[in-house]
Amino acid sequence: MRILITGGAGFLGSHLCERLLNEGHEIICLDNFFTGRKANIAPLLGNPSFELVRHDVIDPFKFEVDRIYNLACPASPPHYQYNPIKTTKTSVMGAINCLGLAKRVKARVFQASTSEVYGDPEVHPQPESYRGCVNPIGIRSCYDEGKRCAETLFFDYHREHHLEIRVVRIFNTYGPRMLPDDGRVVSNFIVQALKGEDLTVYGDGTQTRSFCYVDDLIEGFVRLMEHPTLTGPVNIGNPGEFTMLELAEKVLQKVGGKSKLTFHPLPGDDPLQRQPDITLAKSELGWQPTVDLDEGLDRTIPYFAQLLGK
């Protein structure tokens, strides 16, 4: 198939490009390089089945394709808060442009949504039926509400135009090719530990996250996209739940050194709990994560060590 991947040079997008190329598909990688990096897809550039297009999803685009994966949007708080209006436009206009193209060429279209649609959840763990507890005017709202609106658009196109859609809600994911300055907790802790700096813990460190290794996530993407009927939304994430303190201890144990923990105030609207209910993914996709946090960190730390020259 010919497959368009928006945000294809990003952390997740580059892994998806690589996976689908290895399966024999033709890939068009669309990216404006705000958070994407050419280094992520450099090994793919010599492949005749791979095409790189520098373009912003806010502006319309036309390609003849069979599948569209919409992954375009900065996903870490420092990056999506850098230009919050642009972040909302990327989610909303990017969705409209992907859906318009899918309608024209009759392609199946995939939306990379997020667990942030659940906000600071009052239900734990979070099933897909939970509608969320989101602040529409907070500093994270550009991302949270942008992604919620994108889901709305996908389902309206599905109902109105009978478009084949697939919507995944991504929970915290980590692995090689994350940006060292992306502000996410796994990369923050690893980079600080490798540099011998103290680890920054927000709040008292008892807030929880569930960490999914990137290879597991990409497997979930492909299974959902190729499912004959399931539209989603489907939670894809690792239900193993860890406090920030537990994660910090694991990183320090693996990296070594003399870094200590420093505590800072919790950022605005930062959710206290995050854990996916993956019952639907298990039953409909036969998917569940296979890489635990220890193994995932062992695969991720060497990437950052090489990046930092450590």
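**Exercise 1. How much space lies in the largest cavity?** Determine also which residues line the largest cavity.

*Solution.* The structure under study is a predicted model.

Step 1. A search of the whole structure yields 1 cavity of 30 Å³ or more.

Step 2. The space in the largest cavity amounts to about 30 Å³.

Step 3. The largest cavity is lined by Asn70, Leu71, Ala72, Cys73, Thr90, Ser91, Gln111 and Lys147.

Step 4. Sorted by class, this lining comprises 4 polar, 3 nonpolar and 1 charged residues.

**Exercise 2. Establish the strand order of the open sheet and identify its edge strands**.

*Solution.* Strands of a sheet pair through backbone hydrogen bonds, in either a parallel or an antiparallel manner.

Step 1. The open sheet has 7 strands in the order S3-S2-S1-S4-S5-S6-S11, and the pairing is parallel.

Step 2. Strand S3 (50-54) and strand S11 (234-236) pair on one side only, which makes them the edge strands.

Step 3. From one strand to the next, the twist averages 20°.

**Exercise 3. Describe the pairing of S1 with S2 and of S4 with S5**.

*Solution.*

Step 1. S1 and S2 run parallel and are joined by 5 bridges. Ile3 has Ile27, in S2, as its bridge partner.

Step 2. Strand S4 (residues 67-70) pairs with strand S5 (residues 108-114) in the parallel sense, over 4 bridges. Here Tyr69 has Phe110, in S5, as its bridge partner.

**Exercise 4. Which strands does helix H1 touch, and which strands does helix H7 lie across?**

*Solution.*

Step 1. Helix H1 (residues 11-22) packs on the sheet and touches strand S1 (2-6), strand S2 (26-31), S3, S4 and strand S6 (165-170). The direction of H1 makes about 170° with that of S1.

Step 2. Helix H7 (residues 214-225) lies across S4, S5, S6 and S11. With respect to S6, H7 runs at about 160°.

**Exercise 5. Is S2 largely enclosed or largely open, and is Lys258 buried or exposed?**

*Solution.*

Step 1. A residue counts as buried under 20% relative accessible area and as exposed over 50%.

Step 2. Of the 6 residues of S2, 5 are buried; therefore S2 is largely enclosed by the rest of the structure.

Step 3. Lys258 counts as exposed because its relative accessibility is 79%.

Step 4. Lys258 belongs to the loop between helix H8 (244-255) and strand S13 (261-264).

Step 5. Between Lys258 and Ala281, the separation is 23 residues in sequence and 41 Å in space, C-alpha to C-alpha.

Technical notes:
Residues numbered from 1 in each chain as written. Predicted model: local features only at pLDDT ≥ 70, side-chain atom pairs only at ≥ 80, totals over all residues. Heavy atoms only, no water. Helix = DSSP H or I, 4+ residues; strand = E, 2+ residues; numbered from the N terminus. Buried < 20%, exposed > 50% of the residue type's maximum accessible area, 1.4 Å probe, protein only. 1 Å grid on protein atoms, 1.4 Å probe; cavity = no way out; pocket = protein on both sides within 12 Å on 5 of 7 lines; lining within 4 Å. Points joined across faces, edges and corners; volume = space filled by probe spheres on them. Nonpolar A, V, L, I, M, F, W, Y, C, P; charged D, E, K, R; others polar. Pairing = 2+ DSSP bridges. Axes fitted to C-alpha atoms, helices over the stretch in contact; angles between N-to-C directions. Contact = heavy atoms within 4.5 Å.
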